[in-house]
2 protein chains.
Amino acid sequence: MITVTILGAGNVATHLYKAFTKANNVTVSQWYNRSLKPLNHYKNEVDITDDLNHLKEADVYILAVSDDAVAELSEKLPFENKIVVHTSGSVNVHDLDKKHNRGVFYPLQSFSKTAQLDFANVPICIETVNKPDYHILKALALAIGSPVKKVNSDQRQVLHLAAVFVNNFTNQLYRIGHEITESEGAEFDLLKPLILETAKKIQDLSPYKAQTGPAKRNDKKTLKKHLSILNNQDHKAIYNLLTKSIQKTHNGR
Amino acid sequence: MITVTILGAGNVATHLYKAFTKANNVTVSQWYNRSLKPLNHYKNEVDITDDLNHLKEADVYILAVSDDAVAELSEKLPFENKIVVHTSGSVNVHDLDKKHNRGVFYPLQSFSKTAQLDFANVPICIETVNKPDYHILKALALAIGSPVKKVNSDQRQVLHLAAVFVNNFTNQLYRIGHEITESEGAEFDLLKPLILETAKKIQDLSPYKAQTGPAKRNDKKTLKKHLSILNNQDHKAIYNLLTKSIQKTHNGR
């Protein structure tokens with residue numbers, strides 16, 4: 001049995017709490033937050049506290065707090081030589097106070113408050129300063145059904161950056177698709193199967209091999225026509241830049 | 001029973017042929033291509049020809065050929081007053097020779113040679129010059145299990161343009177994610193569940209509501225850090241432009 005204390009009450013903290021309580025060989029021994037309000041809903045199932053001095057013994061302390069709060073909170077913890085991890089994609093493992101056995105337990109997924117989340121679809125990127133601590137964090141990730149990967153701070157940083165491209169920026173392209181279609185009274189909904197297919201395709205095929213379309217073909221007639229339809233200057237700039245990027249990737253232009 | 005003649009031998013033609021042969025109330029009466037070679041594989045199941053003068057009577061003639069070939073091929077057809085449609089997202093319905101009962105049967109999906117395709121995930125955008133022809137084309141789409149939508153040429157053009165954003169450009173963002181991760185020896189595969197989740201999320205949520213991340217939060221520290229990690233100037237330019245686009249959408253900046 002692995003005992004865990006969760007610190008923080010955001011989306012990651014809440015999803016981890018729910019997953020751990022469902023796992024067979026994990027016990028959430030305590031849930032801390034600087035304000036008890038968001039935890040009150042769970043007070044009949046788990047020991048909650050807003051006082052760091054009341055923290056009980058646990059195998060792993062998970063700091064699921066905002067990036068800026070990680071260093072200070074780790075410093076304030078009134079104990080040492082225990083496994084303390086953060087869950088951030090961009091905070092260095094060494095930002096944790098060095099009195100702890102430091103580590104990272106980074107779930108690479110987009111967390112929203114409402115949606116149900118299957119941790120089988122959430123790879124956990126693990127880093128530890130002390131080698132032996134890796135195994136307990138790996139066991140913790142496997143207990144909630146997640147794939148596990150050892151990832152150092154540099155790799156985690158580029159994964160976090162790449163996630164902005166494939167998640168936030170991709171979502172903004174969906175948004176632009178929404179704006180473009182609505183401007184002519186066409187239905188964005190018609191694009192939804194294509195959006196899903198595009199994401200499914202690269203599960204088995206490299207993005208390089210999956211590419212199609214007028215930019216890759218250098219179909220000048222269609223490229224010109226598309227630019228003439230776009231009347232939003234920002235959309236035009238994005239069209240030009242990404243077309244250029246595709247051509248550079250595929251034709252070395 | 002609806003009888004159909006397919007003209008062309010590309011991905012769209014082939015996927016439509018397979019879907020029609022499986023449908024209960026559709027018969028492919030003939031398959032034409034200017035060269036018989038790609039059709040030879042099917043010669044035992046369907047009447048194939050490379051001679052327009054040998055075209056037989058059918059209810060609908062589907063020109064699944066390249067955009068540039070549509071007008072000329074429609075002109076060469078040695079009959080008139082029959083339903084003749086093309087399958088292109090960007091060709092105007094009036095580019096078809098006016099001796100025909102003109103229409104468009106545009107499957108809004110990304111077609112690749114190998115992948116199996118379920119037409120339940122392929123919305124068919126239909127346009128007809130003569131109103132009554134709509135019903136037979138709708139019946140044809142429904143016979144292969146596709147959702148159907150009446151879409152005029154202007155709407156179809158913006159759908160085709162929007163498809164470039166949500167398919168080709170999105171795929172290029174996946175490619176950049178691939179490049180960024182590999183540069184540090186991190187695994188692109190770790191991003192695949194996030195990519196799928198991003199596409200799934202907007203099936204029920206508008207892209208506006210689905211947006212998250214440092215650009216939307218205007219998290220200057222992370223934005224600065226990301227730009228410092230990126231050493232490819234093209235990636236930097238795309239990062240800046242899409243960050244600006246997100247901020248304009250969400251914060252009016």
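In what sense do strand E5 (residues 83-86) of chain B and E6(B) pair, and over how many bridges? In this predicted model, the two strands run in the parallel sense and are joined over four bridges. Within this pairing, B:Ile83 is placed opposite B:Asn101 of E6(B). On pairing with strand E7 (residues 124-128) of chain B, E6(B) adopts the antiparallel sense, here over five bridges. B:Phe105 stands opposite B:Ile126 in E7(B).

The burial of strand E6 (residues 101-107) of chain B was examined next. Seven of its seven residues are buried, so the strand is largely enclosed by the rest of the structure. Burial extends to both faces of E6(B). One side presents B:Asn101, B:Gly103, B:Phe105 and B:Pro107, and the other presents B:Arg102, B:Val104 and B:Tyr106, all of them buried. B:Asn101, which stands opposite B:Ile83, and B:Phe105, which stands opposite B:Ile126, thus belong to one side of the strand.

Attention then turned to the pockets. The second largest pocket has a volume of about 1100 Å³. Its lining comprises 35 residues, and those nearest its centre are A:Val12, A:Asp67, A:Gly89, A:His160 and B:Arg217. Elements of chain A that give two or more residues to this lining are helix H1 (11-22), strand E6 (101-107) and helix H4 (153-183), while chain B provides helix H7 (214-217) and helix H8 (220-229) on the same criterion. With five residues, H4(A) gives the most to the lining of the second largest pocket. By residue class, the lining divides into 13 nonpolar, 15 polar and seven charged residues.

Helix H8 of chain B also contains B:Ser228. This serine is exposed, its relative accessible area being 58%, a value that lies over the 50% cut-off for exposure. B:Ser228 is separated from B:Arg175 by 53 residues in sequence, and the C-alpha to C-alpha distance between the two is 20 Å.

At the level of domains, the assignment for chain A gives domain 1 (2-151) and domain 2 (156-251). The C-alpha centres of domain 1 of chain A and domain 2 of chain A are 36 Å apart. Their contact takes 14 residues from domain 1 of chain A and six residues from domain 2 of chain A.

Technical notes
Residues numbered from 1 in each chain as written. Chains lettered and ligands numbered in written order. Predicted model: local features only at pLDDT ≥ 70, side-chain atom pairs only at ≥ 80, totals over all residues. Heavy atoms only, no water. Buried < 20%, exposed > 50% of the residue type's maximum accessible area, 1.4 Å probe, protein only. Pairing = 2+ DSSP bridges. 1 Å grid on protein atoms, 1.4 Å probe; cavity = no way out; pocket = protein on both sides within 12 Å on 5 of 7 lines; lining within 4 Å. Points joined across faces, edges and corners; volume = space filled by probe spheres on them. Nonpolar A, V, L, I, M, F, W, Y, C, P; charged D, E, K, R; others polar. Domains from an automatic or database assignment. Contact = heavy atoms within 4.5 Å.
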